[in-house]
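Welcome, and thanks for taking a look. Please keep the sequence and the 3D view open side by side while you read.

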Amino acid sequence: MSPTDRTPLLTARGIEKSFGANHVLRGVDLDVRRGDVVALIGASGSGKTTVLRSLNGLETPDAGVLELAGGPVVDFGAQAAAAGPGWFGNRTARAAAKANRAALRDRSAMVFQHHNLFPHRTVLENVIEGPCQVQGVPRATATGRAEELLARVGLTEKRDAYPHQLSGGQQQRVGIVRALALQPDLLLFDEPTSALDPELVGEVLTVMKELADEGWTMVVVTHELSFARQVANQVLFLDGGVVVEHGTPEQIFTAPAEERTRRFLDRILHPLD
């Protein structure tokens with residue numbers, strides 16, 4: 001997990017996705033190196049979350065190729081063509097597609113906008129569920145790892161609490177710990193602060209910055225432009241399902257090349273002008 005290890009981890013090419021007549025992604029390309037923090041920015045409905053969900057198999061693109069270092073390599077268009085329509089399609093191809101989605105999820109972990117904690121389980125039980133049930137980690141091992149992670153985000157005393165007994169910021173920190181407990185290669189964050197009260201945003205962003213400083217590879221959908229500017233090393237601006245502009249934070253926020261990027265940043269940064 002060294003931040004000096006900059007070998008490619010993920011490559012996405014030509015990712016397409018439609019929901020009925022709504023063409024959400026239109027040929028999205030993305031490269032993520034180990035240790036990168038990639039921020040996806042853009043207006044609501046621009047396709048950011050669909051990109052993120054495509055990276056770990058929660059959505060299945062209609063076309064495009066996704067490759068993770070060490071596998072899998074998934075050609076979504078070829079996969080869909082081989083599987084065929086309806087229940088009479090190629091069962092072998094369908095089984096392969098399912099296996100590919102599982103492999104993507106095995107290599108990544110998602111932190112959701114609305115926490116998605118199990119309400120009937122304690123904090124500790126929420127954290128160890130994935131390692132024990134999905135990865136087959138012994139309960140004692142998973143519990144020890146969970147306790148270490150809870151300590152690092154200041155939640156040791158909440159290990160036996162239930163989600164409804166936590167603040168929104170605490171719930172989101174548990175969500176981050178739950179993702180870390182899976183020891184993924186890739187951390188995916190879907191607008192992790194947008195459901196929080198303003199005074200709770202900072203505690204979550206602080207944890208995310210610490211993870212970035214440690215060299216975790218992260219793709220973050222965010223409206224927190226200050227976080228994107230200070231912590232990310234790549235920023236992608238999406239509009240209408242297209243990557244309009246891609247560059248360093250300095251390039252995107254100081255001297256954007258595209259008019260659409262300039263208009264978006266102006267609306268966000270100077271809403272009353």
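What follows is a short tour of two sheets, the helices that lie across them, and two buried residues. The model is predicted, so please read each point as a description of that prediction.

**The four-stranded sheet**

- A good place to begin is an open sheet of four strands, in the order β2-β1-β4-β5, with antiparallel pairing.
- Its edge strands are β2 (22-33) and β5, each of which pairs on one side only.
- From one strand to the next, the twist averages 10 degrees.
- Strand β1 (residues 8-19) is joined to β2 by nine bridges, and the two run antiparallel; here Lys17 has Leu25 in β2 as its bridge partner.
- β1 also pairs with β4 in the antiparallel sense, over five bridges, and Glu16 finds its bridge partner in Ala63 of β4.
- Helix α1 (residues 48-55) lies across β1, β2 and β4, and it runs at about 60 degrees to β2.

**A closer look at β4 and β5**

- Which side chains of strand β4 (residues 63-68) are buried? Gly64, Leu66 and Leu68 are, and they point to one face of the strand.
- Ala63, Val65 and Glu67 point to the other face and are not buried, giving an alternating pattern along β4.
- Strand β5 (residues 73-75) runs antiparallel to β4, with three bridges joining them.
- One of the residues on the face that is not buried, Glu67, has Val73 in β5 as its bridge partner.
- β4 and β5 form a hairpin with four residues between them, and Gly70 in the turn has a positive phi of about 85 degrees.

**The six-stranded sheet**

- Another open sheet has six strands, in the order β6-β7-β8-β3-β9-β10, and its pairing is mixed.
- At the edges are β6 (108-111) and β10 (242-247), each pairing on one side only.
- The twist averages 20 degrees from one strand to the next in this sheet.
- Inside the strand order, β3 (residues 37-41) and β8 (residues 218-221) pair in the parallel sense over four bridges.
- To find this pairing in the 3D view, look for Leu40, whose bridge partner in β8 is Val221.
- Helix α10 (residues 259-269) lies across β3, β9 (234-239) and β10, and runs at about 95 degrees to β9.

**Arg145, a buried charged residue**

- Arg145 sits in helix α5 (residues 139-152).
- How far is Arg145 from the nearest side chain of opposite charge? That side chain belongs to Glu148 and is 7.0 Å away; Arg145 is buried yet has no salt bridge.
- A salt bridge needs the two charged groups within 4 Å, so the 7.0 Å to Glu148 does not qualify.
- Setting aside neighbours within four places in sequence, Arg145 is in contact with Pro131, Gln135, Val137, Ala181 and Gln183.

**Leu117, a buried loop residue**

- Leu117 is found in the loop between β6 and α4 (123-133).
- Is Leu117 buried or exposed? Leu117 counts as buried because its relative accessible area is 12%, and the cut-off for buried is under 20%.
- Not counting residues up to four places away in sequence, Leu117 touches Asn126, Pro163, Gln171, Val174, Gly175 and Arg178.
- One of these contacts, Gly175, is 58 residues from Leu117 in sequence, while the two are 7.0 Å apart in space, C-alpha to C-alpha.

Definitions and conventions: Residues are numbered from 1 along each chain as its sequence is written. This is a predicted model: local features need pLDDT of at least 70, side-chain atom pairs count only at pLDDT 80 or more; totals for chains, interfaces and linings use all residues. Side-chain values use heavy atoms; hydrogens and water are left out. Two strands pair if DSSP finds at least two bridges between them. Axes are lines fitted to C-alpha atoms, for helices over the stretch in contact, and angles run from 0 to 180 degrees between N-to-C directions. Contact means heavy atoms within 4.5 Å. Buried means under 20% relative accessible area, exposed over 50%, partly exposed in between (1.4 Å probe, protein chains only). Lys and Arg count as positive and Asp and Glu as negative; His and the chain ends are not counted.
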